[in-house]
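These are my notebook entries from going through one model. I took the local spots before the overall figures.

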Amino acid sequence: MIAPPATLGLLGGGQLGRYFVLAARRSGYAVMVMDPDPRSPAGAVADWHRVAAFDDHAALDQLADACAVVTAEFENIPAESLERVAARGCLRPGVRALTIAQDRLEEKRFLGEAGIAVAPWQPVSAGADPQVAIADNAAPRFPAVLKTTRLGYDGKGQVRLDRADALAAAHAGLGGVDCVLEEQVDLAREVSVIVARAPDGRSEVFPVAENHHRHGILHLTRVPARLPADLAKQAEDLARRVASHLDYCGVLAVEFFVTAGGELLVNEIAPRPHNSGHYTLDACSVSQFEQQLRAVCGLALAPARATAPVAMVNLLGDLWPAATAPDWTGVLGEPRARLHLYGKAEARPGRKMGHVNVVGLPDEDDADAVADVAESLWRGLAGEPSQ
């Protein structure tokens, strides 16, 4: 057990890290953030901000030596850097979990080995004829999505294909790098589960969240998700299974496709807190960030229970026209709304600048009302007519 006032280390300085730092400092810990951006949101609230690239050996050594445990705010830290930190100190989650999530090919292979269903897929290797990937009967059917194995997120690094003869051009358009071709399933909805797992293997799962996207970026999350109880329980059990097979320590997000036939398919995993878990800040017995702190420090995990129906809507940089702040009157005038801004200095289209949680009354069991309010508030900020 790592108790305060120990110093904790954080690789990455974005908004997910910012909330981790705030949770840690509230509990009496000190935090050292390592991030190359001198204006990073997490660095602004940390005790120390080491402004350095993620492959800076001297900075990595300083972080590992100064901190009782180091965790990561995002998964795309160079594997060599993760290994260096793990060799000198305590890294949670471990190198294996973080590196598997860096590569879609490795992720899908891992899930297959764990016996967890995913959409039909096929590798498309760099430098190879992409038509070879679809030459046999086991290949995915079209329409399909071609995704780069690395660095694709929020709709980046992927192309939807309606026909097989478009594959070669799409692959070239993605730079001819290693990709996976994934069949586009008949989708009923998308959901996610946040699971926390302690060093001793004990785990807690948050309620299943239902997610809606715009242009490949998460737009709105609602809890409870519109799933039958048995399917929600299955999603929670699968998230625990993924964490167990990774021998995971920390907070892990598992994203699912729910097919029209009622089948759960894992879309991807994220070895960290997740955008779809922001609802936990205002409508759960513990937030995903406090739970991350508890897990990586070996503390007892808190019960992860929803305390009210909730909807979260993302605020992207598109809402900041000409670099002026949005008019928050509607949000601040709504008693059920909780505004969260991440302290980012520059707003850009597609950049996550904050979110709004709309929280219902504890005795309500219908998320439709709060989801409607969240969507209405977003439309007001975006200047779109209410539906």
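**Entry: Leu231.** I looked up what Leu231 touches beyond its neighbours within four places in sequence, and found Val258, Gly262 and Leu264. Leu231 sits in helix 7, which spans residues 229-245. I note that the model is a predicted one. The relative accessible area of Leu231 is 10%. I therefore put Leu231 down as buried, since the cut-off is under 20%. I also checked Leu231 against Arg336, which is 105 residues away along the chain; their C-alpha atoms are separated by 29 Å.

**Entry: helix 9.** Next I asked how many of the nine residues of helix 9 are buried. The count is seven for this helix, residues 288-296, so I describe helix 9 as largely enclosed by the rest of the structure. I wrote down the buried ones: Gln288, Phe289, Gln291, Gln292, Leu293, Ala295 and Val296. After helix 9 comes Gly298, and I read its phi as positive, near 75°.

I then took Gln288, a residue of helix 9, by itself. Gln288 is buried, and its relative accessible area is 0%. I wanted to know which residues Gln288 touches, not counting residues up to four places away in sequence. The list I got is Ile194, Phe206, Val251, Pro273, His274, Gly277, His278 and Thr280.

**Entry: Ala168.** I found Ala168 in helix 6, residues 167-173. Is Ala168 buried or exposed? Neither word fits, because a relative accessible area of 37% makes Ala168 partly exposed. Leaving out residues up to four places away in sequence, I have Ala168 touching Pro130 and Gln131. I also looked at Asp129, which is 39 residues from Ala168 in sequence; C-alpha to C-alpha, the two are 7.7 Å apart in space.

**Entry: cysteines.** I searched for disulfides and found zero in the structure. Cys249 is in none, and the nearest cysteine sulfur to it belongs to Cys90, 7.4 Å away. A disulfide would need the two sulfur atoms within 2.5 Å, so I do not count this pair as one. Cys249 is buried, at 9% relative accessible area. I looked up Cys284 as well, and Cys284 is buried at 13%.

**Entry: backbone.** I went through the peptide bonds and phi values with the usual background in mind: most residues other than glycine have a negative phi, and most peptide bonds are trans.

I logged a cis peptide bond from Phe142 to Pro143, with omega near 5°. Where does Pro143 lie? I placed Pro143 in the loop between strand 5 (121-124) and strand 6 (144-148). A cis peptide bond also joins Val223 and Pro224, with omega about 5°. Pro224 is in the loop that runs between strand 12 (217-223) and helix 7.

For positive phi outside glycine, I noted His215, with phi near 55°. His215 belongs to the loop between strand 11 (209-214) and strand 12. I have His215 as exposed, with a relative accessible area of 75%. I noted Asp247 too, where phi is positive and near 50°. Asp247 lies in the loop between helix 7 and strand 13 (250-259). Its relative accessible area is 59%, and I call Asp247 exposed.

**Entry: the whole protein.** I closed with the overall figures. I count 11 helices and 17 strands in the protein. The C-alpha atoms fill a box of roughly 60 × 55 × 45 Å along the principal axes. I compared the radius of gyration with the globule rule: a compact globule of 387 residues would be near 21 Å, and the protein has 21 Å, so the two agree.

Of the 387 residues, 55% are buried. I looked at contacts with a separation of 6 or more, and residues 24 or more positions apart account for 61% of them. The exposed area of the protein is about 16200 Å², and I attribute 49% of it to carbon and sulfur atoms. Last, I took the charges: there are 37 positive and 49 negative ones, and their mean positions are 3 Å apart.

Technical notes. Residues numbered from 1 in each chain as written. Predicted model: local features only at pLDDT ≥ 70, side-chain atom pairs only at ≥ 80, totals over all residues. Heavy atoms only, no water. Helix = DSSP H or I, 4+ residues; strand = E, 2+ residues; numbered from the N terminus. Rg over C-alpha atoms; globule rule 2.2 N^0.38 Å. Buried < 20%, exposed > 50% of the residue type's maximum accessible area, 1.4 Å probe, protein only. Contact = heavy atoms within 4.5 Å. Areas by Shrake-Rupley, 256 points an atom, 1.4 Å probe, with all protein chains shown as cover. Lys, Arg positive; Asp, Glu negative; His and termini not counted. Charge placed at Lys NZ, Arg CZ, Asp CG, Glu CD.
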